[in-house]
Amino acid sequence: MTDRLSGLRESIVTGDEDGALSRVQEALAEGIEPTVIVSQGLAQAMEQVGLLWNKEEIFLPEVVYAADIFQECMQVLEPSLLGKPTDSKLGHFIIGTVSGDLHDLGKNMVAIMLRTAGFTVHDVGKDVSVEAFVEKVKELGKCLLGLSALLTTTMMEQRLVINALQEAGLREQVKVMVGGAPVTPGWAQEIGADGYAVNAHKAVELARRLVTREGGAPR
């Protein structure tokens, strides 16, 4: 399994589309759990791409191409991920990328993993306004809300959403999770979020804890 996932990661990082898709199919055929392929293969590959980008060892075209390969691999995996629903539904989860931010790779991965875990996911997309998040919470009532920000310039939108929920009298009925490359646990605490997750796997773990804590009752 280790060699297969290592090869998958290398294919994505080096831009080998055919190799990546083949390795995903082979991993499925070998019985490797789809969630493991995502967390230990695809997700780690994109983390490596991000590190290389930050060190200026690769450039924007390579990052974009790696992201495209990632999306194609996820399309192959999605039927397997969603084909094993859990016995119990864990509740409604709204997820979106905040206003001014067009990144959705990580958000999409988290959404798929949450669906697999048993949440009813409402993906509101990217560049989502504060008002749109608030309206969605009004529509659904008690729920979880995931706010993604991939730019330091858009992190403040996470605070604005939480403040708007408070002003609308909705804060007590929603658990708010934040994430994204520049986001930290300290930032989550500062803006009054209920938690922070560094990746899709941790996001699912956190969401499960939030709904089981006090029976999922409002804070």
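Select D127 in this predicted model. D127 is partly exposed, as its relative accessible area is 38%. The residue belongs to strand β2. Its backbone also deserves attention: phi of D127 is near 55 degrees, a positive value in a residue other than glycine.

**The sheet**

Next, display the strands. Strands of a sheet pair through backbone hydrogen bonds, in either a parallel or an antiparallel arrangement. Here five strands form an open sheet in the order β2-β1-β3-β4-β5, and their pairing is parallel. Which strands are at the edges? They are β2 and β5 (195–196), each of which pairs on one side only.

Select β1 (91–98) together with β2 (119–128). These two strands pair in the parallel sense over seven bridges. Two places help to follow the pairing: H92 stands opposite T120 in β2, and G96 has G125 in β2 as its bridge partner. Now colour β1 by burial. Six of its eight residues are buried, so β1 is largely enclosed by the rest of the structure.

**Helix α5 across the strands**

Add helix α5 (105–117) to the selection. This helix lies across β1, β2 and β3 (143–148), and α5 runs at about 170 degrees to β2. Within α5, select K107. Is K107 buried or exposed? With a relative accessible area of 5%, K107 is buried, because the limit for that class is under 20%. What surrounds this lysine? Leaving aside neighbours within four places in sequence, K107 is in contact with I95, G96, T97, D123, G125 and S148. Among these contacts, G96 and G125 are the bridge partners visited above.

**Helix α3 and its two partners**

Keep α5 visible and select α3 (residues 34–54). The helices α3 and α5 pack at an angle of about 170 degrees, and their axes are 12 Å apart. They are therefore roughly antiparallel to each other, a description used for angles over 145 degrees. To see where they touch, select T35, V38, A43 and M46 in α3, which meet L105, M109, M113 and T116 in α5. This contact comprises six nonpolar, two polar and no charged residues.

Now replace α5 with α4 (residues 60–82). Here α3 and α4 pack at an angle of about 170 degrees, with 11 Å between their axes. That angle makes α3 roughly antiparallel to α4. On the α3 side, the contact is made by P34, T35, I37, V38, L42, M46, V49 and W53. On the α4 side, the residues are L60, V63, A66, A67, F70, C73, M74, L77, S80 and L81. By class, the contact of α3 with α4 has 16 nonpolar, two polar and no charged residues.

Before leaving this pair, select E56, in the loop between α3 and α4. E56 has a positive phi of about 60 degrees although it is not a glycine. With a relative accessibility of 62%, E56 counts as exposed, since the class begins over 50%.

**The nonpolar cores**

In soluble globular proteins, nonpolar side chains tend to be buried together. In this model, the largest nonpolar core has 49 residues. Select I12, L42 and F119, the residues with the most contacts inside it. Which elements give two or more residues to this core? They are α1 (2–14), α2 (17–29), α3, α4, β1, α5, β2 and α9 (200–212). Helix α3 gives the most, with nine residues.

Centre the view on F119. Apart from its neighbours within four places in sequence, F119 is in contact with K89, L90, G91, F93, L114, L144, A207, R208 and V211. Then move to a second, separate core of 25 residues, which includes V128, V174, V178 and A193.

**Last stop: E172**

Finally, select E172, in the loop between α7 (155–167) and β4 (174–179). At 43% relative accessibility, E172 counts as partly exposed. Add K142 to the selection. Although E172 and K142 are 30 residues apart along the chain, their C-alpha atoms are separated by 8.6 Å.

Technical notes
Residues are numbered from 1 along each chain as its sequence is written. This is a predicted model: local features need pLDDT of at least 70, side-chain atom pairs count only at pLDDT 80 or more; totals for chains, interfaces and linings use all residues. Side-chain values use heavy atoms; hydrogens and water are left out. Axes are lines fitted to C-alpha atoms, for helices over the stretch in contact, and angles run from 0 to 180 degrees between N-to-C directions. Helices (H or I, at least four residues) and strands (E, at least two) are DSSP runs, numbered from the N terminus. Angles under 35 degrees count as roughly parallel, over 145 as roughly antiparallel, 65 to 115 as roughly perpendicular and the rest as oblique. Contact means heavy atoms within 4.5 Å. Ala, Val, Leu, Ile, Met, Phe, Trp, Tyr, Cys and Pro count as nonpolar, Asp, Glu, Lys and Arg as charged, and the others, Gly among them, as polar. A nonpolar core is a set of buried Ala, Val, Leu, Ile, Met, Phe, Trp, Tyr and Cys residues joined through side-chain atoms within 4.5 Å. Buried means under 20% relative accessible area, exposed over 50%, partly exposed in between (1.4 Å probe, protein chains only). Two strands pair if DSSP finds at least two bridges between them.
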